[in-house]
Amino acid sequence: MADFLTTKNFGTAIYPIHANETSGLLKRCEPFLTPEQLKSRFFKGISLQFKNGDKFTDSDLKDRINLAMNEAEILLGCVITREAFKEKIFFDQSLYKAFVHIQSEHRPIISLEQLAVVSSDNNTVFELPSAWIEASNFSKGLVNVVPLLAAFGGAQGGSAGMMGGIAFLAVLGQSSFVPAFWQISYTSGLSNKEGNVPVPVNELIGCVAAIAVLSEIAATHLYNSQSQSQDCISQSSSGPGPNIYNKRIEDLTTKRDEIVRKLKSIFSSRWFVGNF
Amino acid sequence: MRLSAKALINYGSVNQFDYANQWIIRANEPNTLYFQLVDLDQDELRYMAGISLAAGVVVTFPSVDDAQVIAANAVQETNDKSIWKVVLSSIQKPNSGSVVFALTEGTVTRKFSVLNLISVEYLNEGSC
């Protein structure tokens with residue numbers, strides 16, 4: 001768990017982005033989807049019972065919601081709940097001159113706990129004062145260092161180390177590129193209130209869970225068509241035979257490919273552009 | 001033995017309660033949350049804690065922020081040793097999601113987490 005004794009944030013909501021105050025007239029956030037909500041929003045009139053007697057219990061639906069939440073995180077490319085991250089980011093001279101301009105891997109940033117220059121053996125060389133950090137673009141995962149107060153001599157109570165940082169950074173500004181230079185510790189997630197999520201996110205989670213459940217149920221429908229003569233002496237049924245699970249396999253294959261694609265994009269870089 | 005906990009609601013006595021998927025509570029209100037210990041390896045058979053050894057349960061409502069973590073000692077029901085309750089005051093605001101339990105019997109502590117066991121509603125949910 002993380003310590004948030006020193007933290008910097010912009011002070012507005014994560015959703016709607018930069019909302020400063022809300023009236024309370026419209027509900028835009030809610031706790032995580034529950035099995036009851038999943039049934040009420042997506043399964044009205046649909047039996048969750050299989051022909052062989054199996055059925056989706058509330059525990060099963062809870063598990064499906066958990067699966068769907070994890071899938072939604074991959075689809076959205078961000079974490080749903082507020083989590084703490086630590087990254088090292090390269091030094092680029094042109095970005096440095098553009099008020100540092102650091103882009104975090106995870107976004108939106110909820111709060112920034114530390115921005116520092118940290119050596120490869122984990123020693124903090126210089127920690128930038130939080131007063132210099134511009135938080136207004138945290139929603140885009142963008143961290144800038146705008147030391148206006150320090151530059152104009154208006155900073156109050158700054159220590160020698162804090163003010164000496166300007167000179168330190170000016171010296172480092174002579175390098176064109178350092179592969180791992182800045183270290184940022186921050187939290188990211190889709191809500192300031194832990195355990196609450198934007199309503200559209202819950203709807204996405206519900207859709208993902210419902211698609212999985214319905215796909216599973218649909219695969220067990222044995223017959224394509226059934227007919228019975230008027231005198232009931234004869235009847236006929238036709239089903240997919242050995243192809244019964246083909247649709248389900250097709251659905252799962254599509255899902256597997258999508259997950260593989262997303263996981264690959266998370267764990268491997270597809271391209272890299274540099275200006276060394 | 002893999003222990004877990006089931007949420008109990010509408011609790012009146014050891015013979016009068018309902019099982020629920022989760023506790024649904026409102027923030028800023030005092031809440032008493034009841035739960036029953038069960039053994040997942042025995043088809044969720046209730047687990048009577050502290051039959052031969054003194055038992056205690058600490059219920060933790062997690063957060064990424066240490067300052068927001070709530071850890072509360074649960075109180076065991078005398079007439080059914082599988083049932084416990086935890087009392088939260090109005091200023092204790094847990095986060096929605098999983099809940100962590102630590103059952104200590106003698107020198108042995110068993111810890112487990114129950115998925116999405118609590119749902120906390122806020123008065124103004126216009127933003128988050």
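**View 1. A salt bridge joins the side chains of A:Lys27 and B:Glu125.** The N to O distance is 3.7 Å. The model is predicted. Between chain B and chain A the count is one salt bridge. The wider interface brings 23 residues of chain B into contact with 38 residues of chain A. Together the chains bury about 2,400 Å². Carbon and sulfur atoms account for 50% of that area.

**View 2. B:Ser119 touches residues of both chains.** This serine sits in strand β11 of chain B. On the chain A side, B:Ser119 touches A:Pro31 and A:Thr34. Within chain B, its contacts include B:Gln22, B:Trp23, B:Ile24, B:Ile25 and B:Ser96, leaving aside residues up to four places away in sequence. B:Ser119 counts as buried because its relative accessibility is 5%, and the cut-off for buried is under 20%.

**View 3. The second largest pocket has a lining of 25 residues.** Its volume is about 490 Å³. Nearest the centre of this pocket lie A:Phe32, A:Thr81, A:Glu83, B:Gly97 and B:Ser98. Three elements each supply at least two lining residues: α2 (58–76) of chain A, and β10 (97–105) and β11 (108–121) of chain B. α2(A) gives the largest share, six residues. Sorted by class, the lining of this pocket holds nine nonpolar, eleven polar and five charged residues.

**View 4. A cis peptide bond leads from A:Tyr15 to A:Pro16.** Omega is near -15° here. A:Pro16 belongs to the segment before β1 (29–31) of chain A.

**View 5. The peptide bond from A:Arg107 to A:Pro108 is cis.** For this bond, omega is near 0°. A:Pro108 lies in the loop between β3 (102–103) and β4 (109–118) of chain A.

**View 6. A:Val100 has a positive phi without being a glycine.** The angle is about 75°. Look for A:Val100 in the loop between α3 (93–97) and β3 of chain A. This valine counts as buried because its relative accessibility is 5%.

**View 7. B:Glu44 also carries a positive phi, although it is not a glycine.** Its phi is about 60°. B:Glu44 occupies the loop between β4 (31–39) and β5 (45–46) of chain B. With a relative accessibility of 36%, B:Glu44 counts as partly exposed. That value falls between the buried limit, under 20%, and the exposed limit, over 50%.

Conventions
Residues numbered from 1 in each chain as written. Chains lettered and ligands numbered in written order. Predicted model: local features only at pLDDT ≥ 70, side-chain atom pairs only at ≥ 80, totals over all residues. Heavy atoms only, no water. 1 Å grid on protein atoms, 1.4 Å probe; cavity = no way out; pocket = protein on both sides within 12 Å on 5 of 7 lines; lining within 4 Å. Points joined across faces, edges and corners; volume = space filled by probe spheres on them. Helix = DSSP H or I, 4+ residues; strand = E, 2+ residues; numbered from the N terminus. Nonpolar A, V, L, I, M, F, W, Y, C, P; charged D, E, K, R; others polar. Buried < 20%, exposed > 50% of the residue type's maximum accessible area, 1.4 Å probe, protein only. Contact = heavy atoms within 4.5 Å. Buried area = accessible area lost by both parts, 1.4 Å probe. Salt bridge = Lys/Arg side-chain N within 4 Å of Asp/Glu carboxyl O.
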